[in-house]
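Got your viewer open and a hand on the mouse? Here is a short walk, one selection at a time.

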Amino acid sequence: MDIFKYAALFCRSDSAYKKRSDWDVYDMERDALTFKGGVPCVCHPPCRSWGMLSHMAHNVREGEKELAIWSIDQVRENGGIIEHPSGSRLFKLHLPDAGMFPDEFGGFTIEVNQFDFGHVASKPTKLYICGIDESLLPNQPKRKDCKPTHSITGQVPDTLRCTQYQREYTPEKLIDYFEEILDAI
């Protein structure tokens, strides 16, 4: 029987988490709702129902929006991180926004840019973290001086539009950062 240190929920089937032996990874095929807890988790619940353009999301699966709420419960119970776009309405409605005081569970939110962790595009992201004091967070990488070669929408001058894979993947250095946080829980 495998013993894992962490769980990653709602991942791509070709996720970089799967290359790491310490991670129990739940993708579309392996339903995240079967996660039994017991280890800190990183949740990547679908965001299209929570984004600023959610009114344009016509391919939302039934019950998809509720997966984010379920993820909040998992992170509060087991310790961990919820990763969602900076513009997600999940923050303020259900989670403290970046810069706000921790909630009654000790959870707080920080903002990172995945570009600083190796993403090809500027991708402002919020991380709700529960189970660790904010003062114990590891340092984030220094901001990159160069400009991204890609943009999420392709509408940024002198950039290419990200592929679906590029929009959805989690950079290796960001997973390293998550591991540092989860090790402190």
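Start by selecting Glu111 and Lys126: Glu111 stands opposite Lys126, which is in strand 6. Keep in mind as you look that this is a predicted model. Now extend the selection to strand 5, residues 108-113, and to strand 6; the two run antiparallel and are joined by six bridges.

Next, pick strand 4, residues 80-85. Strand 4 also pairs with strand 6 in the antiparallel sense, over six bridges. For a landmark here, click on Pro85, which stands opposite Thr125 in strand 6.

How many of the residues of strand 6 are buried? Colour residues 124-130 and take a look: six of the seven are buried, so the strand is mostly covered.

Now step on to Ser86, in the loop between strand 4 and helix 2 (90-93). Is Ser86 buried or exposed? Ser86 counts as buried because its relative accessibility is 17%, and the cut-off for buried is under 20%. Show what surrounds it: leaving aside neighbours within four places in sequence, Ser86 is in contact with Glu111, Pro124, Thr125 and Lys126. You have already met Glu111 and Lys126 as opposite partners.

Time to go inside. The largest nonpolar core has 23 residues, and Tyr17, Trp23, Ile129 and Tyr177 have the most contacts inside it. Strand 1 (6-11), strand 2 (23-27), strand 5, strand 6 and helix 4 (172-183) each supply at least two residues of this core. Which element gives the most? That is helix 4, with six residues.

Select Tyr177 next. Not counting residues up to four places away in sequence, Tyr177 touches Ile110, Phe117, Leu127, Leu137, Pro138, Asn139 and Gln140. Apart from the largest core lies another one, of 20 residues, and you can find it by selecting Ala7, Leu67, Val75 and Ile82, which are among them.

Back to helix 4, this time as a whole. It has 12 residues and reaches 16 Å from its first C-alpha to its last, close to the 16 Å expected at 1.5 Å a residue. Highlight its buried residues: Leu174, Ile175, Tyr177, Phe178, Glu179, Ile181 and Leu182. What covers them includes strand 1, strand 2, strand 3 (41-43), strand 4, strand 5 and strand 6.

Now turn on the aromatic side chains. The structure holds six aromatic pairs. One of them is Tyr26 with Phe35, an edge-to-face pair at 5.8 Å centre to centre, with 75 degrees between the planes. Tyr26 is buried, at a relative accessible area of 5%, and Phe35 is buried too, at 7%. For another arrangement, select Tyr165 and Tyr169: this pair is stacked, 5.3 Å centre to centre and with 10 degrees between the planes. Here Tyr165 is partly exposed, with a relative accessible area of 39%, whereas Tyr169 is buried, with 14%. Then bring up Tyr6, Tyr17 and Trp23, which form one aromatic cluster. Tyr17 and Trp23 should ring a bell from the largest nonpolar core.

Two last stops, both with a lysine and a ring. Where does the charged end of Lys65 sit? Over the ring of Trp50, 4.8 Å from its centre. Finish with Lys144, whose charged end sits over the ring of Phe115, 4.5 Å from the ring centre.

Conventions:
Residues numbered from 1 in each chain as written. Predicted model: local features only at pLDDT ≥ 70, side-chain atom pairs only at ≥ 80, totals over all residues. Heavy atoms only, no water. Phe/Tyr/Trp six-rings, centres within 6.5 Å; stacked < 30°, edge-to-face > 60°. Buried < 20%, exposed > 50% of the residue type's maximum accessible area, 1.4 Å probe, protein only. Lys NZ or Arg CZ within 6 Å of the ring centre and 35° of its normal. Helix = DSSP H or I, 4+ residues; strand = E, 2+ residues; numbered from the N terminus. Pairing = 2+ DSSP bridges. Contact = heavy atoms within 4.5 Å. Core = buried A, V, L, I, M, F, W, Y, C linked by side-chain atoms within 4.5 Å. Expected span 1.5 Å × (residues − 1).
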